[in-house]
Amino acid sequence: MIPEKRLAGGEEVVDESLIKRTKSDTGSSSTVATMGGVNNPNGTTNEKSDIDEDLHSRQLAVYGRETMRRLFASNVLVSGMQGLGAEIAKNLILAGVKSVTLHDEGTVELWDLSSNFIFTVDEIGKNRALASLNKMQELNNSVVISTLTAELTTEQLSEFQAVVFTDITLEKAIEFNNFCHRHEPPIAFIKSEVRGLFGSVFCDFGPKFTVSDLDGEDPHIGIIASISNGNPPLVTFIDDERLEFQDGDLVTFSEVQGMSELNDGKPRKVINAKPYSFSIEEDTTSYGEYKRGGIVTELKQPKVLQFKPLEEALKDPGEFLLSDFSKFDRPLLLHLLFQALDKFVSELQRYPVAGSETDAQKLISLVFSMLKDGNIDRIDEKIVRNFAFGARAVLNPMAAMFGGIVGQEVVKACSGKFHPLLQFFYFDSLESLPVEPLDPDDLKPLNSRYDAQISVFGAKLQKQLEEAKVFVVGSGALGCEFLKNLALMGVSCGNGGKLTITDDDVIEKSNLSRQFLFRDCNIGQAKSTVAATAATLINPNFHIEALQNRASPDTENVFDDTFWEDLSVVINALDNVNARLYIDQRCLYFQKPLLESGTLGALCNTQMVIPHLTENYGASQDPQEKGTPMCTVHSFPHNIDHCLTWARSEFEGLLEKTPAEANAYLLNPSEYISGMEKAGDAQARDKLERVLECLETQRCESFVDCITWARLKFEDYFANRVKQLTFTFPEDAVNTSGAPFWSAPKRFPRPLQFSVQDQSHLNFVMAASILQAETYGIQIPEWVKSHAKFADAVSEVAVPEFEPKEGVKIVTDDKDTDMSTVFIDDSVVINELVNRLKLCYKNLPQGFRMNPIRFEKDDDTNYHMDLIAGLANMRARNYSIPEVDKLKAKFIAGRIIPAIATTTAMATGFVCLELYKVLNGGHKVEDYRNTYVNLATPLFSMAEPVPPKVIKHQDLSWTVWDRWILRDDPTLGELLQWLESKGLEVFIISFGSYFLYNRMGSSHGDRMEKKMVSLAKEVAKADLPAYRRHFDVVVNCDDSDGKNVDIPQISIYFR
C-alpha cells in the first residue's frame, strides 16, 4: 500500500498520481487514495502488501500479518450513517480495510447529533453519507472512502466482501441477504440496530464459512517429561505450569528421543487430559523406549460454519448468544420486538413517539399477534413500553458498544480470524433508566442536540449529565473514546459542568491506529491537549480542561482535597495497574464513584466502583505472573520468551546502564570511588568492572573498534559461553541424584560458528556496532551501507581462541532469581579495580562522557529492535529454539499490549451506560453491571458487582468506603472521648511512623489539651501545605472484651 498519509490543517494530503474517481454511477461521490494489495472475491491479496508496522504494531499483535493483509484487500459497505453506522465505519477505517463505502439516502437532522461524532450543526440538511466523507477520510488516508446516496440495488453489493446495514426495513434486508447468501463467493451480511437502550446484531457469512483461527491464541505447547509404552500411552509433562490441552485436541510431537516414531508430524488426538498429563489415541507398545526430550504442540484446526439466511433464521433463530444470565429469557422477547417494530414502521411510516401510550399499546398488540404457541410464556409490557418510547433514538453509548461488536464481526468476515457470532445477538440496558418513573412530558423534544437522549431518559437526567464534574484519567485509546462519548451525551456541557482530563504522555505514531482524535500532525504533542481540542469540535459546549500531570502522590497539590471533593465521578482510562490502584484509593478516600475499564486485544472488562455499594478496584486483583528463574534466562532457556528476556536485559546493561554508570563515575570520580570502597560488596565490584570495560578494556575510538567489539560480543555470547557451559556440564552429565542433567526442560546448546555468509550474523554485528558507536559519539561512516565493505571489515577482526576453564561456577538452582553474571573472576578485587580506574581516568580526553541509549521499541530506524531480535535469535539458535521475526520480538521484548479499536469502543460504551446510573443516583447494586467480553470467541458475561465487606461493632457497621471525620481540629482528649463513646478503648494513635498517643507512654497524658494539628506538627514534624485541609491518623483500639477492632481511617479537619 502507499505510505501512510493523514490530513493536516484540514486539507487532504494525497499524492495526485494516486487519486482516482470511483463508482461514478448516479448518487455516488468520492475522492480517495488507493492502497496496495490486489483484491479478489475471497478478500485475500495476490501481492504481499506492505504493512506500516509503526502505525499498526498494536493491531498486528492481535491479528498478525496474514489477517492484516486480508483486511487491506477488503471492500466494505456501511449503510446507514446515523450514530451506529458512524461508529462501525470509524472502527473499520482505523483497522485499515481497503475501502469503506458509506451509504445513506437521508439528511442530517439535529436529532443525529446525540450519537454521531462526525456531524455538527453546519451539516444539518446535508446528505449523511456526503457529510461524513471528509472527516472519515481524516481517520486514515490509506483507506479508500467513497459514498452512495441513492437507493441500493443488489448488483451493487457484488463489489464488497462484507455489507453492513444499520437502518433498513426487514423486507429489504431479506432481499439483500438472500442475494448475499447465494452470491458466489458469498458476501458477508450483517444487520444491526440500536433502538434506545436496546440493540441487535444478525450475521450471515454464507452457507459454508471457514474460520482459520477460532480464538487468536498461540498454539498450546507442553514440554514432555515421559511417555509410556502402552495403548493408550500416558504422556506426562514437567510441572512448570498447568497444561491447557483438552480432550479432542489434535497435537504433534517433535524432538522426542528414544520413541522417535512420534516425530513424524502426524496429528494425534488428546484423550484423558489432566493438569500435567494426557493420553493419545495411539498404540506405542512396539515403539522405542522414551529416553528424554520432546515437545507437544497443539495443531489448531480450521472450522467450517453454516449460516442460515435471515428469512429462515427469523423463523428458527436457534440459540441466542447471551450477555446477562439474569435475563436468560430476554433475547426471545427482543427477537419479537424488533420484528414488531418493523411492522409498526411499515404500517405507520414512522417510529413510536416517546411517551405515547397509544403507540406503546400498538406495539404490544403487534407482539402478541406474532406469538406462537409455547414459544414464550408471557410478555412484560413494561419492557415493550420502554422499547417503544426509545425506538427512534440512537444513543451514543449503545452505538459505541454495538459499533465495536459489529466492526469486529466485519473483520472476522473479511479475514476468517476469530469465531463469528452465530447468528443473533440481542442486548438491553434498561437498568440505565432513572429509578423514578418518567413523566411522558419529560421525554418531549426540546429542539436540542440531545433530543434523542432526552426521549429515553428525560430532560431531568439530561440536566444532571450537563452539570456533572468529571475527572477522566488518561487520554489514550480509551480516553479518546470516552471524550467522544461524553461530548455527545452532553456530560459537563452545562454552565455548572466541567470535565478535567489529565495525561502526561505525548502522541506517537503507533497511537494513530486506534486513538482516533489524533492525526499525523499531532505527533509529539500532549495527548490530553489535542484530545480536548478535538472533543470540543464534536460539541462546542463541552467544558473541558486538559492537564499534563500524572495523577500520583507527587501531584496532590494539583489534584487537592477541593478538586476531589467537587467531583461527581471519576473515569479511568489507564493502561497500568499501579496507576489504577492509586486512583482507586483516592476514590475510596473521597467516596467518589470510579468507572474502571481495560482492554487486551479482543478482551475487555469493566468494573463499577460505587461508594458503599460495591467493593473497590483494589479489593481483588489478578494473581501475580510467575517469574522466570534467572538461571533459566541466563543458561537454560527453553522458549523464545526466555531468549528475549535475556536479550532485553543485555541491551539495557550494555548500552544504557553501563554507560550511565560510567558517567556517574566521570561526573565525580572521587565521590564515586569512595562510595564503591565503602560498599565493598559484589555489586560494587560488578559496577567497577563494567565501568572499566567502558573506559578501558572495551573502549572504542573509531567505528572499526565498534565492529571489533560487536564481533567479539558475538563470539562471547554465542560460542564461548556455550563452550564453557557444555564443558562444565557435558551432554552426558548427571545431577546429584544420578538423573540426566540435560533433562526437560533444559535443552542442550551448541555453539555457533560465525560466518559473514550468514546474513543474520552480519545483521547482529551491524546493529551492535552502530549502537556501540552511538554510546561513544562516533560517527557512522558511509561505507557501512555497502554490504561487501562491511563484511570485509568484520572478516578482518582477529578472534582469539577460547579454552574452557575448570572450576567455573554456573548457577543451576531455579530458586536463584537474581545473579549479576554467570562467570565470576574471584581474583579481581575492588582495590585493584579502583587503582586501574584512577589510571584509566588520566588517559581520557577532557570532559569525556558516554551517551547511554534508552530502549525505544517503536522506532524501526534506530537499530534497537534489530539488536534485541539478533541477540534473542542467535541464542535461540544455540538452544534449537524456533526463532522469531523482528515484529514478534518487538511484541515480547517491548512488552507491547495488544490493542484494537473495536474492543476499545465497545468497552467505553459499556461504561457510559453505567454512567447514566451513577449521575442519576438512587440505583441499587443489582442495577449495576460489571462486564467481561471476549470478542474473539465471542463471549459476553455481565454480572452485578460484588458488595463491600461489612465490619460490625456493637450497633455500628462500616466498610472500606467509610472514613470517620472530625472537624474543627479537636484536641487529643476530645478525640479519645469521641472514640470511647463508640465503645472503643484506644491504645495507639499514629501519624506516619510517629505515635501521637500511646496509652503506655508516661508523658502522653500531658498532651490531652493539645490540638491534633499541633501534635502532628510538633511530634511528627508534619508538613501540612496550604492546599491541605485535613490530615489522617490511624487508631489502634480494642472493644470492651479486649479484641482488636479494625476501624476506618480518621480524618482531622483543621481548616
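1. Let me open with the cysteines, since this predicted model contains zero disulfides. Two residues show the reason. The sulfur of Cys521 has its closest cysteine sulfur in Cys480, 13 Å away, which is too far for a bond. Likewise, the sulfur of Cys604 lies 13 Å from the closest cysteine sulfur, that of Cys912, and this too is too far for a bond. For comparison, a disulfide here would need the two sulfur atoms within 2.5 Å. The settings of these two cysteines are worth noting: Cys521 is partly exposed at 40% relative accessibility, whereas Cys604 is buried at 2%.

2. On the overall picture, you will find 29 helices and 34 strands in the protein. The radius of gyration is 33 Å, close to the 31 Å that the globule rule gives for 1055 residues, so the protein is as compact as a globular protein of that length. The C-alpha trace spans about 95 × 90 × 65 Å along its principal axes. Of the 1055 residues, 56% count as buried. Contacts also reach across the sequence: among those between residues at least 6 apart, 72% join residues at least 24 apart.

3. Next, the nonpolar interior. The largest nonpolar core has 176 residues, and Val100, Met136, Phe425 and Leu486 are those with the most contacts inside it. Helix 27 (residues 901–920) supplies the largest share of this core, with 11 residues. A second, separate core holds 81 residues, including Leu644, Leu752, Tyr776 and Val808.

4. Leu486 deserves a look of its own. Beyond its neighbours within four places in sequence, Leu486 is in contact with Val472, Val491, Leu499, Phe542, Ile571, Cys912 and Leu915. You may recognise Cys912 from the first point, where its sulfur was the closest cysteine sulfur to that of Cys604.

5. Phe425, another residue with many partners in the largest core, leads us to strand 18. This strand (residues 424–428) is mostly covered, with five of its five residues buried. Phe424, Tyr426 and Asp428 point one way from the strand, while Phe425 and Phe427 point the other way, and all are buried. Strand 18 runs antiparallel to strand 9 (residues 198–204), and five bridges join the two. Within this pairing, Val201 stands opposite Phe425.

6. Turning to charges, the structure holds 58 salt bridges. A buried example is the pair Glu193 and Lys191, whose closest N and O atoms are 2.7 Å apart. Glu193 has a relative accessible area of 9%, and Lys191 is likewise buried, with a value of 9%.

7. A helical example comes from Arg711 and Glu715, whose side chains meet in a salt bridge at 2.8 Å, N to O. Both lie in helix 21 (residues 703–728), four residues apart, or about one turn of the helix. Arg711 is buried, with a relative accessible area of 8%, and Glu715 also counts as buried, at 12%.

8. Glu731 and Arg750 give a pair with more solvent access to each partner: they form a salt bridge with closest N and O atoms 3.3 Å apart. Both residues lie in the loop between helix 21 and helix 22 (759–776), so the pair ties together parts that are 19 residues apart in sequence. Glu731 is partly exposed, with a relative accessible area of 33%, and Arg750 counts as partly exposed at 45%. Elsewhere, salt bridges that share partners join Asp324, Lys327, Arg330, Asp428, Glu431 and Arg929 into one network. Asp428 of that network is one of the buried residues of strand 18.

9. One last spot to visit is Thr555, found in the loop between strand 21 (544–547) and helix 15 (561–566). Although it sits in a loop, Thr555 is buried, with a relative accessible area of 12%. Leaving aside its neighbours within four places in sequence, Thr555 is in contact with Asn549 and Arg550.

Definitions and conventions: Residues numbered from 1 in each chain as written. Predicted model: local features only at pLDDT ≥ 70, side-chain atom pairs only at ≥ 80, totals over all residues. Heavy atoms only, no water. Salt bridge = Lys/Arg side-chain N within 4 Å of Asp/Glu carboxyl O. Buried < 20%, exposed > 50% of the residue type's maximum accessible area, 1.4 Å probe, protein only. Contact = heavy atoms within 4.5 Å. Core = buried A, V, L, I, M, F, W, Y, C linked by side-chain atoms within 4.5 Å. Pairing = 2+ DSSP bridges. Rg over C-alpha atoms; globule rule 2.2 N^0.38 Å.
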